[in-house]
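Reader: I would like to go through the terms used for this structure and see what stands behind each of them. Please show the model, then start with what is meant by a contact.

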Amino acid sequence: MTQLPISADLIATRNAVHADALEDDYASLGRKLSRTGIDIDAILDRVAGFSVAVPSWGAGRGGTRFAKFPIPGEPTNIHEKLEDCAVIQQLGRVTPRVSPHFPWDKVSDYKALREEAATLGLGFDAVNSNTFQDQPGQVHTYANGSLAAQDAATRQQAVDHNIECIEIGVQLGSTDLTVWVGDGTNFPGQQDLGRSLDRYLEAASKIYAALPDDWRMLLEHKMFEPAFYSTVISDWGSSILAAQELGPKAKCLVDLGHHAPNVNIEQIVARLHRFGKLGGFHFNDSKYGDDDLDSGSINPHQLFLVFNELVEAELNPQDGFNPSYMIDQSHNVTDPIESMLSSAETITQCFAKAQLVDRAALHAAQEANDTMMAFQALRRAYNIDVAPILAKARAEAGGAIDVLEAYRLSQYRSRKAQERKAVGLGAGIV
Ligand code: AFD
Ligand code: MN
Ligand code: MN
């Protein structure tokens with residue numbers, strides 16, 4: 001039996017207020033789309049089938065190197081995080097899975113955790129390992145690296161941790177292990193650039209060997225930070241080479257914030273797909289680096305272009321094309337639930353707009369070298385306001401037509417502020 005955190009009556013009452021306007025907007029958009037041969041109900045079906053996972057760590061307030069400003073009612077353990085993720089799913093109906101991070105989300109009974117999540121209407125997505133910080137009582141420090149560390153015992157400890165994450169993930173029903181390591185250097189000469197990659201590959205292959213048959217290992221590259229001179233898996237080139245070396249179950253994960261400013265990320269997506277190595281995404285936005293800003297808050301057009309490549313990829317499938325979608329943001333100045341509701345909506349909008357591109361017109365313009373009309377094929381779809389399609393999909397699935405309004409009216413956060421213990425001050429990225 002599911003027990004959802006927000007009153008179903010509240011959602012129904014507010015939806016009743018918005019229902020007529022939504023029907024009006026949906027019918028109007030339907031007429032507009034039908035003039036170009038698009039059946040709005042077919043797009044509605046596609047939107048209803050779309051989903052993106054939320055990160056357990058995204059439920060808490062993030063911070064910077066300088067400070068973290070907690071809010072009353074913030075979650076402090078995986079149980080409270082699941083409850084918050086259940087709010088996001090209940091209202092938005094597009095985020096049915098949570099991606100856990102270990103050891104942050106460790107519990108003694110994972111079968112019970114899986115049942116707890118199911119009661120909240122949630123399942124689990126990719127498990128994330130953490131070898132970028134030391135834990136109390138840890139034998140070997142990761143100060144000088146983990147999978148690529150000079151020290152063999154440190155590398156083995158990092159391998160063992162990843163294998164433990166797989167074992168936990170099996171109990172939770174996950175089928176992906178996402179591996180991001182902070183390994184790298186701050187000084188030229190600090191480590192041999194070739195040999196550190198060799199050490200990474202050797203250690204990663206031990207993790208790969210422990211993957212169950214139906215599992216994937218998603219390699220997440222990142223250009224810099226915490227290491228500021230070199231990072232062992234710094235870019236999509238290093239990532240795809242490592243994934244090719246490891247084998248078919250290893251794929252590349254693209255975190256949108258992990259590139260230099262202005263990098264053509266949609267082209268990276270097309271390249272990775274071309275070689276059957278596109279494993280998934282961490283959605284966020286950035287202005288300068290790994291800013292972890294809300295998805296589409298800075299450059300929604302880029303997000304649309306990424307989804308446009310994904311539609312093209314679907315039309316030209318490579319073996320095992322099944323990218324995993326996840327949000328990976330740090331919510332430093334907003335209520336994390338509101339940010340993830342808003343981000344999930346933005347991501348779904350980009351997905352929906354990419355479905356509206358007149359592919360025949362686009363391809364014909366490309367064939368004819370008609371640059372302007374090719375661009376216009378994309379531009380026309382990008383300019384369509386798909387909000388009524390998303391709202392209708394949500395309402396039909398039991399979610400809220402206006403997610404932020406329903407969330408605020410529920411006073412969920414202030415109720416939690418009464419129940420939950422306060423979070424301490426401090427710095428930290430998550
Ligand atoms: C990092 C990476 C990676 C990691 C997360 C932890 O994006 O996904 O798991 O943030 O905070 O920057
Ligand atoms: Mn990430
Ligand atoms: Mn990141």
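Author: Two residues are in contact if their C-beta atoms, placed from the backbone, lie within 7 Å. The model is predicted. By that cut-off, Leu201, Ala204, Ser205 and Tyr208 of α6 meet Ala242, Glu245 and Leu246 of α7.

Reader: What makes α6 and α7 oblique to each other?

Author: The axes of helix α6 (residues 193-209) and helix α7 (residues 236-246) cross at roughly 50° and come within 10 Å. Angles under 35 degrees count as roughly parallel, and 65 to 115 as roughly perpendicular. The crossing angle of α6 and α7 is in neither range, and the two helices are therefore oblique to each other. Their crossing is right-handed. By class, the contact of α6 with α7 holds 5 nonpolar, 1 polar and 1 charged residues.

Reader: Why is α1 called oblique to α13?

Author: The axes of helix α1 (residues 8-34) and α13 cross at roughly 135° and come within 9 Å. An angle counts as roughly antiparallel over 145 and as roughly perpendicular from 65 to 115. The angle between α1 and α13 falls in neither range, which makes α1 oblique to α13. The crossing of α1 and α13 is left-handed.

Reader: Which residues of α1 and α13 meet?

Author: On the α1 side they are Asn15, Leu22, Asp25, Tyr26 and Leu29, and on the α13 side Pro388, Ile389, Ala391, Lys392 and Ala395. The residues of this contact divide into 7 nonpolar, 1 polar and 2 charged.

Reader: How do you know whether Pro388 is buried or exposed?

Author: Pro388 has 21 other C-beta atoms within 10 Å. A residue counts as buried at 20 or more, so Pro388 is buried. Pro388 is found in helix α13 (residues 387-396). Not counting residues up to four places away in sequence, Pro388 touches Leu22, Asp25, Tyr26 and Leu29.

Reader: What is the largest nonpolar core made of?

Author: The largest nonpolar core has 97 residues. Such a core is a set of buried residues of certain nonpolar kinds, joined through C-beta atoms within 7 Å. Val52, Ile88, Met217, Leu219, Cys252 and Ile389 have the most contacts inside this core. Helix α10 (residues 336-355) gives the largest share of the core, 9 residues.

Reader: What is Leu219 in contact with?

Author: Leaving aside neighbours within four places in sequence, Leu219 is in contact with Val179, Ile233, Ser239, Ala242, Ala243, Ala250, Cys252 and Leu253.

Notes
Residues numbered from 1 in each chain as written. Chains lettered and ligands numbered in written order. Predicted model: local features only at pLDDT ≥ 70, side-chain atom pairs only at ≥ 80, totals over all residues. Helix = DSSP H or I, 4+ residues; strand = E, 2+ residues; numbered from the N terminus. Buried ≥ 20, exposed ≤ 12 C-beta atoms within 10 Å, placed from the backbone. Axes fitted to C-alpha atoms, helices over the stretch in contact; angles between N-to-C directions. Left-handed = near helix turned anticlockwise from the far one by under 90°. Nonpolar A, V, L, I, M, F, W, Y, C, P; charged D, E, K, R; others polar.
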